[in-house]
Amino acid sequence: MNPISENPCGRKIAFSIFVLFAGAFLAKADLFVSDFNNDVVDQYNSSGSPVNFYSVIEPSGVAIGPDGNLYVATAVDDGFGNGASIISFNPAAPAFTPGTTFASHVSDNDLNNPAGITFGPDGNLYVGDLQSKILVYNSSGGTNINELPNALLNAPSSLTFDSTGNLYVADVNNGTILKYSGGSFSQVNNTLFNGAHDVGVGLDGNLYVLDISGGTGGIYQLNPNTGTSQLLVNYGTGSLLDFTENDLVVGPDGKLYVSGVNGDTDDGEILQYDENGTYDGVYLDLGSTTDPTYMTFSPVPEPSTLALMSMAGIAATIFGIRRKKSAEKIH
């Protein structure tokens, strides 16, 4: 006799375990994409279907804050005459809901040309301003609380943190990947890139760099400890020559996602690669007239958190079964 199949309580517990853990392992992230040409940030679910969109004039960097809101950088205007700005949106709000100005050139003259943005482990927002500076804003009030020393900076276009709190910066004009740790910058790459626009931290601990220098551009894997790099994807050869690359992010699944425009079709596309540079196909085809640039994924709950949630659900199921049995005994 199968004790689970013959016991209704056992079936309930087994079903709860399956549902809760399946939900944990199937958790997916939404992708937010800045469409520079159409003055919008589009949100897509894990199936590639559009979920929402956010109106921003010439959007650039995007990031999800600790509050779950979407933050978007624009070097033009927030729509309220405040010039270069960081705008905050609530993804749970209906489409067409206006954003809130988080920081602007009017309130902070240091903010002039924001590009890549990211939230640090301290909860603050780090903004790469193409006028050779990195600004730090308090997430609770949008106040400029710091400017990182900029002796080595010349157009920081992409920022990301690793799991230990080190900040990595792609400095596009200098062709360098910089590491900010202990209050100072140091150069990571031994060999200069021609146009290091983006840097992401892989699940394997390596850095992944998108070089956008036309015929010699591509995706590089960069060892942060040795400074050595190797070309994984060459956008200067073959059919890839017709793809204009704009941005790279490492997804929660460890895959590499690259935005750009297909020169043959004029469609904006998001391409997908594994960490070895193997092409996995077009992740999203956004259609003609689109120009996908900066991207970010929504956070996925940590496995430990999902496991605790699952165990809590299982415990609640067992407790409910026991309460029902006790009630049956009383009657």
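User: Two strands pair if DSSP finds at least two bridges between them. Which residue stands opposite Leu 70 in S6?

Analyst: Phe 89 is the residue of S6 that stands opposite Leu 70. This is a predicted model, in which local features need pLDDT of at least 70 and side-chain atom pairs count only at pLDDT 80 or more, while totals for chains, interfaces and linings use all residues. Residues are numbered from 1 along each chain as its sequence is written, and side-chain values use heavy atoms, with hydrogens and water left out.

User: Which strand labels are these, and how are the strands numbered?

Analyst: Strands (E, at least two residues) are DSSP runs, and they are numbered from the N terminus.

User: How many bridges join S5 to S6, and in which sense do they run?

Analyst: S5, residues 70-74, runs antiparallel to S6, and 5 bridges join the two.

User: What sheet do they belong to, and what is the strand order?

Analyst: S5 and S6 lie in an open sheet of 4 strands with antiparallel pairing, in the order S4-S5-S6-S7. The edge strands, each pairing on one side only, are S4 and S7, the latter spanning residues 100-104.

User: Changing topic: what is the phi of Glu 58?

Analyst: Glu 58 has a phi near 45 degrees, a positive value in a residue other than glycine. Most residues other than glycine have a negative phi.

User: Where is Glu 58 found, and is it buried or exposed?

Analyst: Glu 58 sits in the loop between S3 and S4, and S4 covers residues 59-64. At 32% relative accessibility Glu 58 counts as partly exposed. With a 1.4 Å probe and protein chains only, buried means under 20% relative accessible area and exposed over 50%, with partly exposed in between.

User: And what about Ser 132? Where is it placed?

Analyst: Ser 132 also is not a glycine, and its phi is positive, at about 60 degrees. Ser 132 belongs to the loop between S9 (125-129) and S10 (133-137).

User: Let us move to the sheet with S20. What is its order, and how are the strands paired?

Analyst: The order is S20-S21-S22-S23, an open sheet of 4 strands with antiparallel pairing. S20 and S23 are the edge strands, each pairing on one side only.

User: How many bridges join S21 to S22, and what stands opposite Ser 259?

Analyst: S21 and S22 (residues 267-273) are joined by 6 bridges and run antiparallel. Opposite Ser 259 stands Ile 270 of S22. A further bridge partnership links Val 258 with Leu 271 in S22.

User: What lies between S21 and S22?

Analyst: S21 and S22 form a hairpin with 4 residues between the strands, and Asp 266 takes a positive phi near 65 degrees there.

User: And on the other side, how do S22 and S23 pair?

Analyst: S22 and S23 pair in the antiparallel sense over 7 bridges. One example is Gln 272, whose bridge partner in S23 is Gly 281. These two strands form a hairpin as well, with 5 residues between them, and Gly 277 in the turn has a positive phi of about 90 degrees.

User: Is S22 enclosed or open to solvent? How many of its residues are buried?

Analyst: 7 of the 7 residues of S22 are buried, so the strand is largely enclosed by the rest of the structure.

User: Which way do the residues of S22 point?

Analyst: Asp 267, Glu 269, Leu 271 and Tyr 273 point one way, Gly 268, Ile 270 and Gln 272 point the other way, and all are buried. In a regular strand the side chains alternate between the two faces of the sheet.

User: Last topic: how many salt bridges does the count come to?

Analyst: The count comes to 1 salt bridge, the term meaning a side-chain nitrogen of Lys or Arg within 4 Å of a carboxyl oxygen of Asp or Glu.

User: Which residues form the salt bridge, and where are they in the chain?

Analyst: Asp 280 and Lys 255 form the salt bridge, with their closest N and O atoms 2.8 Å apart. The pair links distant parts of the chain, 25 residues apart: Asp 280 is in S23 (residues 279-288), and Lys 255 is in the loop between S20 (243-250) and S21 (256-262).

User: Are the two partners buried or exposed?

Analyst: Asp 280 is partly exposed, at a relative accessible area of 34%. Lys 255 is partly exposed too, at 26%.
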